Amino acid sequence: MNISIIIPVYNEAQGIEAFIRELLATAVRIQTRWSAKIEFVFIDDGSRDGSADVIRKLDFGPFSSRLFVMSRNFGKEAALTAAMHKVENCDAAIMIDADLEHPPELMEKLIETWQTSDADSVYYYKSDRRSREGLVKSSVSKMFYRLMNFGTNVEIIPDAGDYRLINAKFLDALKNLAENQRFMKGLYSWVGFEQVGLPFAPGERTAGTSNFSAIKLILLALDGLTSFTTAPLRLMMLGGLAISAISILYGLYIVVEALFFPGVPPGIASILTLISLFGGLQLLCLGILGEYVGRALHEAKGRPAYIIREEIEIVTRKPSRSTRSRAKAKPKSTK
């Protein structure tokens with residue numbers, strides 16, 4: 001059984017060694033238990049703290065390891081896509097973050113569930129998001145998933161992340177998707193197949209802070225909405241119908257008022273308020289339309305989703321009496 005472990009990395013130099021120690025310990029157990037051949041595929045998404053330099057100097061023992069350094073920061077979705085395209089001849093691929101919020105030891109449960117079921121993908125989902133992230137953030141997350149699943153025949157599993165195992169069929173299906181502006185959570189659901197979810201509580205970061213600020217999370221949610229669903233457009237249409245109905249009723253009210261209550265003074269304040277409200281709604285709708293048009297423009301240009309600057313095969317040497325085993329990097333030329 002061949003297993004490729006995909007690890008996207010972005011500014012993780014402070015904690016990457018601790019992560020790799022736990023990863024290697026888990027890989028040894030997996031190798032022993034399932035007689036698996038394991039390879040590590042690191043994809044450095046334009047880190048600025050020397051993460052790639054730390055990785056290439058480490059010793060990965062008996063495990064094959066490759067490192068791909070992207071020319072700049074393209075985002076996690078592009079990094080996962082790049083790694084998937086580089087993985088070949090594996091029975092399963094496992095995606096895991098390098099910040100230890102995805103505990104490496106849980107990979108054994110992924111493989112065990114995959115082996116004992118007919119699932120093509122086994123994923124982890126956050127079991128108790130509210131206690132970890134608070135009421136506001138968890139509520140906003142629920143609203144996001146409800147909006148994503150509004151009016152669509154593909155249900156995106158709430159709170160399901162990128163920590164998952166996919167088999168070769170599932171991997172090939174993702175590779176064959178031609179779009180560049182990707183929303184991986186949606187694509188995992190869109191390709192279908194049999195999928196099994198397992199609950200887990202995310203671990204704590206060993207070093208550094210999360211790369212996803214509130215603004216980045218909002219932008220990521222907006223990217224997901226405009227790339228995977230037309231729900232905002234449908235809500236615009238329904239909102240337009242509702243406002244039209246209210247306007248007709250209000251027009252009837254004005255006619256009745258003019259005919260039967262001629263002494264009532266005109267409502268200048270209410271008219272100005274309605275004009276401001278409708279003006280704001282129009283700008284909001286135009287902004288949503290602009291997001292879809294802009295995304296269509298990016299796809300029409302046909303630019304690649306990522307560019308790899310350097311491809312490195314990490315070769316480990318057997319320890320000698322005088323020197324300690326270290327990783328040696330051999331860069332490959334890329335076009």
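This report walks through a few parts of the protein shown above, from the whole fold to single residues.

**The whole protein**

Please keep in mind that this is a predicted model. The protein has 335 residues, and 40% of them are buried. Its secondary structure consists of eleven helices and nine strands. Among contacts with a separation of 6 or more, 79% link residues that are 24 or more positions apart. On the outside, the protein exposes about 18,700 Å², with 59% of that area supplied by carbon and sulfur atoms.

**Helix H7 and its cover**

A good place to start looking is helix H7, which spans residues 168–175 and has Phe170, Leu171, Ala173 and Leu174 as its buried residues. These residues lie on the same side of H7, because they cover an arc of only 160° around the axis. There is a general pattern to go with this: an α-helix has 3.6 residues a turn, so residues three or four places apart point the same way.

What lies over the buried residues of H7? The cover includes both helices and strands, as listed here.

| Element covering H7 | Residues |
|---|---|
| Helix H3 | 76–86 |
| Strand E5 | 121–126 |
| Strand E6 | 160–167 |
| Helix H8 | 184–190 |
| Strand E7 | 195–200 |

The N-terminal end of H7 has a cap, asparagine 167. A side-chain oxygen of asparagine 167 sits 3.3 Å from the backbone nitrogen of lysine 169.

**Glutamate 39 in strand E2**

Next, find glutamate 39 in strand E2, which runs over residues 37–44. Is glutamate 39 buried or exposed? Its relative accessibility is 14%, and buried means under 20%, so glutamate 39 counts as buried. Apart from neighbours within four places in sequence, glutamate 39 is in contact with Ile3, Ser4, Ile5, Ser64 and Arg66. With arginine 66 there is a polar contact between the two side chains, at 3.3 Å.

**A nonpolar patch on the surface**

Finally, turn to the surface, where Tyr250, Tyr253, Ile271 and Ile275 form a nonpolar patch. Together these four residues have about 390 Å² of accessible area. Two elements each give two or more residues to the patch: helix H10 (231–260) and helix H11 (268–301). Tyrosine 250 belongs to helix H10. This tyrosine has a relative accessible area of 32%, so tyrosine 250 is partly exposed. That value is over the 30% which a patch residue needs.

Key:
Residues numbered from 1 in each chain as written. Predicted model: local features only at pLDDT ≥ 70, side-chain atom pairs only at ≥ 80, totals over all residues. Heavy atoms only, no water. Patch = residues over 30% accessible without salt bridge, like charges linked within 9 Å, V, L, I, M, F, W, Y side chains within 5 Å. Areas by Shrake-Rupley, 256 points an atom, 1.4 Å probe, with all protein chains shown as cover. Salt bridge = Lys/Arg side-chain N within 4 Å of Asp/Glu carboxyl O. Helix = DSSP H or I, 4+ residues; strand = E, 2+ residues; numbered from the N terminus. Buried < 20%, exposed > 50% of the residue type's maximum accessible area, 1.4 Å probe, protein only. Contact = heavy atoms within 4.5 Å. Arc of directions from axis to C-beta. Polar contact = N/O pair within 3.5 Å; in protein donor to acceptor, adjacent residues only side chain to side chain.
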